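Student: Please take a close look at one part, the lining of the second largest cavity. I would also like to know what is found on the elements that contribute to that lining.

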Amino acid sequence: MSPTRSTVPVRTALRPLCLSLMLTGLSLQVLAQEQAAPPAPAASRPRSANAPGQAPAAQGRQTLEKVEVSGGPSDDATRRASSAAKIVISREEIEKFGDNSLGEVMKRLPGVTTGGRPGRGGDIRMRGMGGGFTQILVNGERMPPGFSLDQLPPEQVERIEIMRAPTAEFGARAIAGTINVVLREAYQRKVNDLRAGLSVERSQVSPNVSWQRNDKLDDAGSSYNLAVNAGQMKHEDDQNGRTVAEDLHGGPTRVLTSTGSSEDERRMLNANGRVQWRLGEGESFALQPFLSINKGNSSSQQRQQGDRSDGRPLAYDRAQTEGRTEFKMLRLNTQLQKKLDPDTRLDLRVGLGRALMDSRTLRQEFLGSVGSRTQEDTVNGHDSHWSLIGKVARQLENEHSLVGGVEAENQTRDQTRVSLQNGLPRPALADFGDNLSASVRRFAAYGQDEWSVSPHWSFYAGLRWEGIETRSDAANYAVRNKSSVWTPLLHAVWKPDEKSRNQVRMSLTRSYRSPQLQDLIARPSINSEYPCPADGACGPNAVQYPDRSGNPELRPEMATGVEIAFERYLVKGGLLSANFFYRHINDLIRTETRLETVSWASVPRWVARPQNIGTAKTFGLELEAKFRLDEFIEDALPLNLRSNLSLFSSRVDGIPGPNNRIDSQPKATANIGFDYKLRSLPLTLAAGLNWTPGGTIQQTLIQQSVTPTKRVIDASATWAIDRDTQLRLSASNLAPLDYNTSSVITTADNRITTDNLGRSFTVWQLRWERKL
């Protein structure tokens with residue numbers, strides 16, 4: 001059953017669409033005038049801060065300005081030279097639209113989708129595959145639970161590396177692919193940038209300020225970089241829903257409606273730095289600290305009326321919830337690069353880290369004017385982390401480049417959870433205790449060889465072994481889980497001619513996904529809609545309100561992958577590409593809701609628990625085209641155009657079709673956009689459209705989910721005030737659509753449809769940028 005759209009007056013709904021059409025028309029008019037207008041004289045045109053030109057004449061004298069030129073391979077050149085498929089998104093590309101989050105940056109990339117409401121980023125997925133199929137790294141390392149890429153502002157990122165197929169060096173826990181976010185690096189040039197901005201969504205103002213400093217330490221090649229960002233983010237949402245329970249044996253249909261709203265406020269501070277000392281030719285030692293602090297407050301109000309699906313009377317008709325969360329993380333990485341001989345290099349990295357996570361939630365329920373129940377949950381936890389990575393690379397005379405490495409990593413978590421109901425401990429959880437200790441220890445070893453057989457062929461062969469041991473201890477259980485995998489990896493690139501701009505890529509790989517720590521921990525979380533009494537064990541609950549628990553017996557998912565791609569690199573920059581992928585996954589993990597006999601209840605209760613359910617297959621085609629318009633149309637404006645279209649298909653064995661797809665995977669996603677720097681004005685325009693169709697996914701034998709179509713229109717305009725200052729106005733999610741989701745659960749007796757109705761909003765941002 002499709003979710004019901006919220007009713008909005010036609011005039012109100014059309015207003016943002018009309019505004020976006022007016023802006024598009026104005027942009028086209030400016031571009032038309034631009035094509036006919038000659039370039040403005042250099043002396044009368046302010047210069048872009050990114051491309052300083054000749055200084056204007058001073059009164060009575062002229063001065064020569066210092067111009068620093070830095071060079072390196074372009075994004076496309078790096079992609080073209082890589083033996084394994086690798087897409088690099090540079091700093092220039094990251095800041096093109098002035099996005100607030102990395103999710104908004106990456107949603108424009110081929111094959112990448114994001115979860116959550118439009119305009120707000122969300123969890124990042126490659127090939128549309130949710131649930132941890134995408135390996136997310138920061139500076140080549142995994143982050144602790146509780147850290148999200150949306151906490152990391154785009155201003156602190158140097159580049160984003162996307163690997164469609166796994167490699168031995170970056171690890172094989174990447175069934176869908178790997179995204180590696182590289183933080184700002186230290187260069188031998190002086191940078192002192194300040195940025196300040198305001199974003200507005202639904203009248204909620206969110207300020208942000210960032211500062212970056214880069215300079216050399218000495219004349220021997222040592223340098224440092226410091227990037228600091230502080231901001232506040234506010235959201236206000238409607239929370240309206242409806243649950244319809246149909247009796248399949250002819251009984252009454254019960255309807256429960258709820259209305260409410262929520263507010264969320266987050267304050268963030270992020271700082272990262274890099275100090276790099278040059279020890280000699282090709283040798284260096286670096287320290288890289290990374291600090292992230294995130295504090296949030298939330299509140300919500302809810303009213304409900306109608307009948308419960310099981311016919312039991314309402315336990316409350318009004319509820320309010322207040323929450324507080326705090327996340328603090330500090331990491332320090334060191335890196336030593338040393339030449340062992342002219343052809344052999346040693347790379348040694350050591351990392352230490354600690355994260356603190358605290359949260360408190362207070363829920364108060366009322367029936368009429370009388371308070372019926374309070375529930376308070378307090379969680380305090382800390383994670384400790386260390387890692388050791390060693391790599392040796394040797395270049396041979398016969399075009400072979402050998403790399404071998406070992407890795408060791410350990411993460412421990414200590415957590416205390418106190419759950420009170422009406423001010424008293426919950427007896428149903430007494431057997432599990434309040435304290436939890438868990439650890440994950442990982443060891444890996446790998447070897448790889450890249451070599452050029454001829455001007456036409458280059459190959460990559462790698463083999464990686466990885467072993468993971470997970471431990472979890474609580475009051476009434478101790479769990480040990482061990483797994484190890486061998487992953488062979490093969491990549492090849494063929495060029496029809498040594499100087500050809502065309503090439504074909506091929507990959508045959510083995511990858512896996514290990515269960516997440518929280519999926520292994522057996523301690524249950526009891527659903528607040530059907531709580532347990534303060535004086536005894538829990539009673540029955542409804543299927544749409546299950547308890548949740550982990551599964552210590554989970555096995556890792558194993559996948560065999562194939563990639564075949566054609567790439568054509570264009571003369572004026574850009575490329576045309578088509579990439580086909582296929583994955584065969586064994587021991588697929590999916591959360592299933594089952595009626596179980598459990599220790600915390602006197603009767604069976606519905607429990608959602610991750611299970612290995614069998615095999616799955618997914619394949620797709622990713623098309624990409626980015627080029628300058630005058631590459632194909634003579635005398636056209638040199639617009640930079642980008643477009644991509646990705647088509648996905650999947651099938652999960654053991655679940656009835658036709659919608660038995662990989663969880664969260666849409667059937668397609670597409671992007672189209674442009675940017676252009678005017679010649680007659682110091683103005684740069686950019687606009688883009690992101691589209692992901694909605695659909696239905698059969699998640700288990702009894703449950704299916706329905707997601708809406710996402711269409712996000714973005715636009716930005718950047719005005720260069722002078723050579724060091726520019727002002728950027730951007731809008732995300734113009735002409736917003738409602739974001740309504742639903743789920744359908746069918747048991748032997750009932751069909752229960754739950755619709756969650758919500759709106760999305762345009763996010764406006766104004767940002768001032770100054771090179772000090």
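Tutor: Sorted by type, the lining of the second largest cavity holds eleven polar, seven nonpolar and four charged residues (charged: Asp, Glu, Lys, Arg; nonpolar: Ala, Val, Leu, Ile, Met, Phe, Trp, Tyr, Cys, Pro; polar: the others, Gly included). The model is predicted, so local features need pLDDT of at least 70 and side-chain atom pairs 80 or more, while totals for chains, interfaces and linings use all residues. Numbering runs from 1 along each chain, and side-chain values use heavy atoms, without hydrogens or water.

That makes a lining of 22 residues, with N100, N208, N229, M233 and M268 nearest the centre of the cavity. A cavity is a set of points on a 1 Å grid where a 1.4 Å probe fits but cannot get out, and lining residues have an atom within 4 Å of a point. The space in this one comes to about 220 Å³, and the whole structure has eight cavities of 30 Å³ or more. Two or more lining residues come from each of β7 (191-201), β8 (204-216), β9 (223-238), β11 (254-280) and β35 (763-771) (strands are DSSP E runs of at least two residues, helices H or I runs of at least four). β9 gives the most, four residues.

β7 and β35 also take part in a surface feature, each giving two or more residues to a nonpolar patch, as do β31 (710-722) and β32 (725-734). L198, V200, V205, L681, W719, I721, L727, L729, W764, L766 and W768 make up this patch, which covers about 900 Å² (nonpolar side chains joined within 5 Å, each residue with over 30% relative accessible area and no salt bridge). β35 supplies the largest share, three residues. V205 lies in strand β8 and counts as partly exposed because its relative accessibility is 40% (buried is under 20%, exposed over 50%, partly exposed in between).

Salt bridges (a Lys or Arg side-chain nitrogen within 4 Å of an Asp or Glu carboxyl oxygen) number 68 in the whole structure. One of them pairs D675 with K96, with 3.6 Å between the closest N and O atoms. D675 is in strand β27 (residues 668-677) and K96 in the loop between α3 (91-94) and α4 (102-106), so this pair ties together parts 579 residues apart in sequence. D675 is buried at 7% relative accessibility, and K96 is buried at 17%. Another salt bridge joins R278 to E281 at 2.9 Å, N to O. R278 is partly exposed at 38%, whereas E281 is exposed at 60%.

How values were computed. 1 Å grid on protein atoms, 1.4 Å probe; cavity = no way out; pocket = protein on both sides within 12 Å on 5 of 7 lines; lining within 4 Å. Points joined across faces, edges and corners; volume = space filled by probe spheres on them. Patch = residues over 30% accessible without salt bridge, like charges linked within 9 Å, V, L, I, M, F, W, Y side chains within 5 Å. Areas by Shrake-Rupley, 256 points an atom, 1.4 Å probe, with all protein chains shown as cover. Buried < 20%, exposed > 50% of the residue type's maximum accessible area, 1.4 Å probe, protein only.
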